[in-house]
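Student: Could you take me through a close look at one residue here, and then show me the chain it belongs to?

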Amino acid sequence: MRWLMLYARSRQVPASAAVVALTAMAVWALTRDGGTGPVDPRIAVLVLTVHVSAAAAGLGGQDVALERTAAIRWAPRRAAHVLLIAVVVGAALLAVQAVGPELAPAALVVRDSAGLAGLAALGAGVCGAPYAWTLPTGWLGFTLFPPAQGGIAGQVGGWLLLPPGTAAGTGTALALLVTGTVVYAVAGPRR
């Protein structure tokens, strides 16, 4: 149990958890006005991206070279870390929705939190842990600001806002989660 506490501290989990909790409380406070109209799902996607970006800070330790020489198997721990990010980020938004208005369907929250966690893991593997937030944030910007593109490329690019159950959205999120988790688990964060 002590190693888990040390791991959490070295991965800045308390700070990331505080950011996730404060963001969730702020979203709850700002959306609890009791409006009966539909809420824009872009708010939910923005909140998920903020949560994943905050948690992505913990995808690397203090000394990457020291971790590479450790006598423990890092791959299962890294994979579990990415999956835990996806679960906690999705659960935080679903908890806000349980006591406030529905920002997005639960299936969209689960799909997007998984895909964004995979993007953060891929970002840690490609760009390094300090810049792991860049891929989820960049994809969010690509999704929200340019006009929507048509065809399968447009669906893959805009998977964050596709309705739940859309094959392109689910497939893209799953591909990002698996690819990011495998790259990060096997290679670790880039130096």
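Tutor: Happy to; we start at a single residue and then step back to the whole chain. Please keep in mind that this is a predicted model.

Our residue is A21, and its home is helix α2, which covers residues 13-31. Is A21 buried or exposed? The answer falls in between: A21 has a relative accessible area of 37%, and because buried means under 20% and exposed means over 50%, A21 counts as partly exposed. For a sense of place, take G100 as a partner: 79 residues separate A21 from G100 in sequence, while their C-alpha atoms are 15 Å apart in space.

Now for the setting around helix α2. The protein chain has 9 helices and 0 strands, so from the N terminus on, its elements read α-α-α-α-α-α-α-α-α. Its C-alpha trace spans about 55 × 35 × 25 Å along the principal axes. The radius of gyration is 17 Å, which agrees with the value near 16 Å for a compact globule of 191 residues.

Contacts tell us about long-range links: of those between residues at least 6 apart in sequence, 77% join residues at least 24 apart. As for burial, 43% of the 191 residues count as buried. The accessible surface of the protein chain comes to about 9800 Å², and carbon and sulfur atoms hold 71% of that surface.

Lastly, charge: the protein chain carries 12 positive and 6 negative side chains, with 15 Å between the centres of the two sets.

Notes. Residues numbered from 1 in each chain as written. Predicted model: local features only at pLDDT ≥ 70, side-chain atom pairs only at ≥ 80, totals over all residues. Heavy atoms only, no water. Helix = DSSP H or I, 4+ residues; strand = E, 2+ residues; numbered from the N terminus. Rg over C-alpha atoms; globule rule 2.2 N^0.38 Å. Buried < 20%, exposed > 50% of the residue type's maximum accessible area, 1.4 Å probe, protein only. Contact = heavy atoms within 4.5 Å. Areas by Shrake-Rupley, 256 points an atom, 1.4 Å probe, with all protein chains shown as cover. Lys, Arg positive; Asp, Glu negative; His and termini not counted. Charge placed at Lys NZ, Arg CZ, Asp CG, Glu CD.
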